Amino acid sequence: MKTQNKNNIKQLVYIILGIIVLNFIGSYIYKRFDMTHDKRYTLQQTTKDLLKQVNTPLEFTIMLQGDDFPSEFKRLQQETKQLLEEFRGINSNIRFAFENPLEGEPNINQASYELDNLGFSPTNIPIKKQGNESIVKIFSWA
């Protein structure tokens, strides 16, 4: 009976070590599986070839960062991040960062006006919190 317990503990340790090793390897390898019928999340070979030709750093700044986003914008943020991670998996010269252009601005109205003049028009989203409704400006641009 004791040898059975020792074997069970040994198997459990091997399984845990195996999971740790797979997790470590998986952190360095990026692979995304597209299970959709129309292969919506699969990059075309021409896109992959074009990404491989990028020799200098190509940096993206995505103005889609915030805590009080509606679920649609959180989904857009997540899908954009996954796509850019897939780009970076093909070519390490692809770099990106998410930011909120209004964060830390002392005068949000002035900053919004300046971004609007640059062609970055915001999307006004009504948000309800605790019975109060407010309008949040989201600049969803890259």
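**Contacts, core and overall dimensions of the predicted model**

Beyond its neighbours within four places in sequence, Lys81 is in contact with Phe96 and Phe98. The model described here is predicted. Lys81 lies in helix H3, which covers residues 71-90. The relative accessibility of Lys81 is 40%, a value between the limits of 20% and 50%, and the residue therefore counts as partly exposed. Asn109 stands 28 residues from Lys81 along the chain, and the C-alpha atoms of Lys81 and Asn109 are separated by 28 Å.

The secondary structure of the protein consists of 4 helices and 4 strands. In sequence order, these elements give the pattern α-α-β-α-β-α-β-β. Among the contacts in the protein with a sequence separation of 6 or more, 58% join residues 24 or more positions apart.

The radius of gyration of the protein is 23 Å, whereas a compact globule of 142 residues would have a value near 14 Å. The C-alpha trace extends over about 75 × 50 × 35 Å along its principal axes. Of the 142 residues, 21% count as buried. The exposed area of the protein comes to about 11,400 Å², and 54% of this area is supplied by carbon and sulfur atoms.

The largest nonpolar core has 15 residues, and the members that touch the most others are Ile62, Leu64, Phe73, Phe87 and Ile138. Two or more residues of this core come from each of H3, strand S2 (94-98), strand S3 (123-129) and strand S4 (132-138). When residues up to four places away in sequence are left out, Ile138 touches Leu64, Phe69, Pro70, Phe73, Pro122, Thr123 and Ile125.

Phe69, one of the residues touched by Ile138, is located in the loop between strand S1 (58-62) and H3. The relative accessible area of Phe69 is 11%, which is under the 20% limit, so the residue is classed as buried. With residues up to four places away in sequence set aside, Phe69 touches Leu64, Lys74 and Ile138. Leu64 thus appears in the contact lists of both Phe69 and Ile138. Lys52 is 17 residues from Phe69 in sequence, and the C-alpha to C-alpha distance between Phe69 and Lys52 is 34 Å.

Lys137 belongs to strand S4, one of the elements that contribute two or more residues to the core. Lys137 has a relative accessible area of 38%; because this lies between 20% and 50%, the residue is partly exposed. Apart from neighbours within four places in sequence, the residues in contact with Lys137 are Leu102, Ser112, Pro122, Thr123 and Asn124. Pro122 and Thr123 are also touched by Ile138. For Lys137 and Ser112, a separation of 25 residues in sequence goes with a C-alpha to C-alpha distance of 8.3 Å.

A nonpolar patch on the surface is formed by Ile9, Leu12, Val13, Tyr14, Ile16, Leu17 and Ile20. Together, these residues have about 710 Å² of accessible area. Leu12, a member of the patch, is placed in helix H1, which comprises residues 2-26.

Key: Residues numbered from 1 in each chain as written. Predicted model: local features only at pLDDT ≥ 70, side-chain atom pairs only at ≥ 80, totals over all residues. Heavy atoms only, no water. Buried < 20%, exposed > 50% of the residue type's maximum accessible area, 1.4 Å probe, protein only. Contact = heavy atoms within 4.5 Å. Core = buried A, V, L, I, M, F, W, Y, C linked by side-chain atoms within 4.5 Å. Patch = residues over 30% accessible without salt bridge, like charges linked within 9 Å, V, L, I, M, F, W, Y side chains within 5 Å. Areas by Shrake-Rupley, 256 points an atom, 1.4 Å probe, with all protein chains shown as cover. Salt bridge = Lys/Arg side-chain N within 4 Å of Asp/Glu carboxyl O. Rg over C-alpha atoms; globule rule 2.2 N^0.38 Å.
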